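Trainee: I have a structure to learn from. Can we go through it by question and answer?

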Amino acid sequence: MRAVIVAAAVAFIISLFGTPVAIRVFTALKAGQPIRSLGPATHQGKKGTPTMGGVAFIVATVFAYVAGHVALTTLPERQIAQEGPTMTALVLLGLFVFCGVVGFLDDFLKVRRRNSDGLSAKGKLLGQLIVGAGFGIAALYVASTNGQTVASEHISFIRDVSWLDVGKVGSVLVFVFVIMAMSNGVNLTDGLDGLATGASILVLGAYALIGFWQYRHWCGDTDYARVNDYCYQVRDPLEIAMIAAAAAAACVGFLWWNTSPARIFMGDTGALGLGGLIGGLAVSTRTTLLSIIIGGLFVIITMSVVIQIISFKTTGKRVFRMSPLQHHFELAGWSEVNIVVRFWIVAGICVAIGLGLFYSDFLAVMG
């Protein structure tokens, strides 16, 4: 537990004090956010706000993970935790960093061209596909000494569903889909000051709790598994908890500067990185389908875009004034702060329901 706290504290401090440095650097480089002319008129006042701020909390999380492992060398957790980087950490942090790289390329092109046209949609999806496939193969084909892999050959809900065995190739495809869906979901949620950051904090916090709970009831802990009929078949749950807690804390530090009126935007760098990490957390904790509930706000906003596109292409009519959903409420007259806070409430309710289902499953099995 102390290693998780150390990682979270380091991430928060680095992000809180590192983000102003990023603001100055990106301002000096004139890396201002271009604003779409088709977006809400109120957004034109945000033109020029530095973007690519996701770099700050991604870097903070990586350094915090290292600090957490330094703490492990002197703490009791080292007895059942690997001291060096694990494949779980490499997959999760790799997704965070390299999905962020795809987003960084998109942001860089927007800034360079001085318009909102970055990577093409196909280019962005191709980048996500390559990253997801690469780390999906690592998650399914690189096993630990006891034969356990980061991801499972089964589709999971709160744990693996025994009859949903899709094999290694099928699991890689599922892995790629989850990463692409979640990274685009977070990206679509971004757009209002602090909205995606706050929602991500709630989701990452939930996965920090899930990871630590699995660590306390882990099949890899032979003392626990010997006296209990039920334990979690996951790989490196303490690593999962550390990374999720560090990322959540780093986002809290970033939110200090990203809340309305934002002094910096996370950009696609942060949004795609966060989505990739959240997708990886869902697969590694064996809660793939549960992530639809935990990340319910991202799902709702993504579906608003899908509904809008289908409706317009089939009937020529729009269901919403504008999509994603947050812009519909902007045009309906809601203030930006009201939308953000109310959407955070929705995200919190989804997280609470997801954690409730996770814990109720544990009680049902143990009871």
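Trainee: Which residues does Phe57 contact, leaving aside neighbours within four places in sequence?
Mentor: Keep in mind that this model is predicted. Contact means heavy atoms within 4.5 Å. With neighbours within four places set aside, the contacts of Phe57 are Ser15, Phe96, Ala250, Cys251, Phe254, Met266, Gly270 and Leu274.

Trainee: Which residues touch the most other members of the largest nonpolar core?
Mentor: That core has 81 residues. The ones touching the most other members are Phe57, Leu204, Tyr207, Leu274, Leu277, Leu281 and Ile294.

Trainee: Which helix gives the largest share of this core?
Mentor: The share in question is 16 residues. They come from helix 8, residues 237–258.

Trainee: How many residues are in the other core?
Mentor: This core lies apart from the largest one. Its members include Met87, Val172, Leu272 and Val283. The count is 20 residues.

Trainee: Is Ile278 buried or exposed?
Mentor: First, place it: Ile278 is in helix 9. Leaving out residues up to four places away, Ile278 touches Met182, Val186, Ser200, Val203, Leu204 and Phe298. Buried means under 20% relative accessible area. Ile278 has 1%, so the residue is buried.

Trainee: What separates the C-alpha atoms of Ile278 and Ala67?
Mentor: Along the chain, Ile278 and Ala67 are 211 residues apart. In space, their C-alpha atoms are separated by 21 Å.

Trainee: Why does the span of helix 6 agree with what it should be?
Mentor: Helix 6 runs over residues 195–216, which is 22 residues. At 1.5 Å a residue, helix 6 should span 32 Å. The end C-alpha atoms of helix 6 agree with that, being 32 Å apart.

Trainee: How many residues of helix 6 are buried?
Mentor: Helix 6 has 22 residues and is mostly covered. The buried count is 16.

Trainee: Is His217 buried or exposed?
Mentor: His217 sits in the loop between helix 6 and helix 7. Beyond residues up to four places away in sequence, His217 touches Tyr224, Cys231, Tyr232 and Phe362. The relative accessible area of His217 is 12%, so His217 counts as buried.

Trainee: Which helices do the buried residues of helix 4 pack against?
Mentor: Helix 4 covers residues 121–141 and reaches 30 Å from its first C-alpha to its last. Its buried residues include Lys124, Gln128, Val131 and Phe135. These buried residues of helix 4 pack against helix 3, helix 5 and helix 9.

Trainee: How many salt bridges are there?
Mentor: The rule asks for a side-chain nitrogen of Lys or Arg within 4 Å of a carboxyl oxygen of Asp or Glu. By this rule the count is eight.

Trainee: What separates Lys110 and Asp106 in helix 3?
Mentor: Lys110 and Asp106 form a salt bridge, with closest N and O atoms 3.3 Å apart. Both residues are buried. Lys110 and Asp106 are four residues apart in helix 3, so the separation is about one helical turn.

Trainee: Where do Arg159 and Asp361 lie?
Mentor: The side chains of Arg159 and Asp361 meet in a salt bridge, at 2.4 Å from N to O. The pair links distant parts of the chain, 202 residues apart. Arg159 is in the loop between strand 1 and strand 2, and Asp361 is in helix 13.

Trainee: Which counts as buried, Arg159 or Asp361?
Mentor: Arg159 has 35% relative accessibility, so Arg159 is partly exposed. At 15%, the buried residue is Asp361.

Trainee: What parts does the pair of Arg286 and Asp160 tie together?
Mentor: Arg286 and Asp160 form a salt bridge, the closest N and O atoms being 3.7 Å apart. The two parts are 126 residues apart in sequence. They are the loop between helix 9 and helix 10, which holds Arg286, and strand 2, which holds Asp160.

Trainee: Which residues do shared salt bridge partners join into one network?
Mentor: Salt bridges that share partners make this network. The names are Asp106, Lys110, Lys124 and Asp268.

Trainee: Which residues form a nonpolar patch on the surface?
Mentor: One is Val337, in helix 13. Val337 has a relative accessible area of 46%, so Val337 is partly exposed. The patch has about 490 Å² of accessible area together. Its members are Val337, Val341, Ile345, Ile349, Ile353 and Leu357.

Conventions. Residues numbered from 1 in each chain as written. Predicted model: local features only at pLDDT ≥ 70, side-chain atom pairs only at ≥ 80, totals over all residues. Heavy atoms only, no water. Expected span 1.5 Å × (residues − 1). Buried < 20%, exposed > 50% of the residue type's maximum accessible area, 1.4 Å probe, protein only. Core = buried A, V, L, I, M, F, W, Y, C linked by side-chain atoms within 4.5 Å. Patch = residues over 30% accessible without salt bridge, like charges linked within 9 Å, V, L, I, M, F, W, Y side chains within 5 Å. Areas by Shrake-Rupley, 256 points an atom, 1.4 Å probe, with all protein chains shown as cover.
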